[in-house]
Amino acid sequence: MASADDAKQLKILVGCCKRVKKELVYYEKDVVKQKAKVEKMKADGKDASDIKQQEEVLAETQAMVPDTQSRLEEYYAKLEECLAVVKENGDGPTELVQEAESLLN
């Protein structure tokens, strides 16, 4: 029964890694977009309070990047451990094992 639990855990961790990786990409793109928006507002001479508000939004988004990166690293470590157990036991869907390996590479 432990092998079925390991395969289930592997599937969960693959999903977590994919989701957090997607979040990280989103936050990184959002930082670039927000920086451009703040610069455009400054160039257009917008109100200082509006600029300040957008700078706060930018700061919040920038703060999410390291947090998301550390969560992703944690999930990668867990995925690596779980993948090793599943491979050692020789069970688990081949597609899932390949997907986990591709995420780690």
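Is Lys33 buried or exposed? Lys33 is exposed, because its relative accessible area is 56%, and the cut-off for that class is over 50%. This residue offers a convenient point of entry into the structure, which is a predicted model. The mean pLDDT of the chain is 92, and 98% of its residues reach 70 or more. Among the elements of the chain, confidence is lowest in α3, with a mean of 92, and highest in α2, at 95.

From Lys33 the reader may turn to its partner. The side chain of Lys33 forms a salt bridge with that of Asp30, at 3.9 Å from N to O. Both residues belong to helix α1, where three residues, or about one turn of the helix, separate them. Their surroundings are described by different classes: Lys33 is exposed, whereas Asp30 is buried, because its relative accessible area of 14% falls under the 20% limit.

This pair is part of a wider set, for the structure holds eight salt bridges. Another joins Asp44 to Lys40, with the closest N and O atoms 2.8 Å apart. Here Lys40 is exposed, at a relative accessible area of 53%, while Asp44 is partly exposed, at 44%. A further salt bridge brings together the side chains of Glu55 and Lys42, at 3.1 Å from N to O. That pair connects distant parts of the chain, since Glu55 lies in helix α2 and Lys42 in helix α1, 13 residues apart. Glu55 counts as partly exposed at 32% relative accessibility, and Lys42 is likewise partly exposed, with a relative accessible area of 43%. Salt bridges also link Arg19, Glu23, Asp67 and Arg71 in a network.

Met41, also in helix α1, provides a further view of this part of the chain. Met41 counts as buried because its relative accessibility is 13%, under the limit of 20%. Leaving out residues up to four places away in sequence, Met41 touches Lys46, Asp50, Ile51 and Gln54. Of these, Gln54 is 13 residues from Met41 along the chain, and their C-alpha atoms are separated by 9.0 Å.

The interior comes next. In soluble globular proteins, nonpolar side chains tend to be buried together. In this model, the largest nonpolar core has 12 residues, including Leu10, Leu13, Val14, Cys17, Leu79, Cys82 and Leu103. Three helices contribute to this core: α1 (2–43), α2 (48–89) and α3 (94–104) each supply at least two of its residues. Ala100, one of the members of the core, is in contact with Leu10, Val14, Leu79 and Leu83, leaving aside neighbours within four places in sequence. Apart from this core lies another, of seven residues, among them Leu24, Tyr27, Val65 and Leu72.

Asp6, found in helix α1, is a charged residue away from the salt bridges described above: Asp6 is buried yet has no salt bridge. The nearest side chain of opposite charge, that of Lys8, is 12 Å away; a salt bridge requires a nitrogen within 4 Å of a carboxyl oxygen, so this separation does not qualify. Not counting residues up to four places away in sequence, Asp6 touches Cys82, Val85, Val86 and Asn89. Two of these, Cys82 and Val86, are members of the largest nonpolar core.

Methods: Residues are numbered from 1 along each chain as its sequence is written. This is a predicted model: local features need pLDDT of at least 70, side-chain atom pairs count only at pLDDT 80 or more; totals for chains, interfaces and linings use all residues. Side-chain values use heavy atoms; hydrogens and water are left out. A nonpolar core is a set of buried Ala, Val, Leu, Ile, Met, Phe, Trp, Tyr and Cys residues joined through side-chain atoms within 4.5 Å. Buried means under 20% relative accessible area, exposed over 50%, partly exposed in between (1.4 Å probe, protein chains only). Helices (H or I, at least four residues) and strands (E, at least two) are DSSP runs, numbered from the N terminus. Contact means heavy atoms within 4.5 Å. Lys and Arg count as positive and Asp and Glu as negative; His and the chain ends are not counted. pLDDT is the predictor's confidence in each residue, from 0 to 100.
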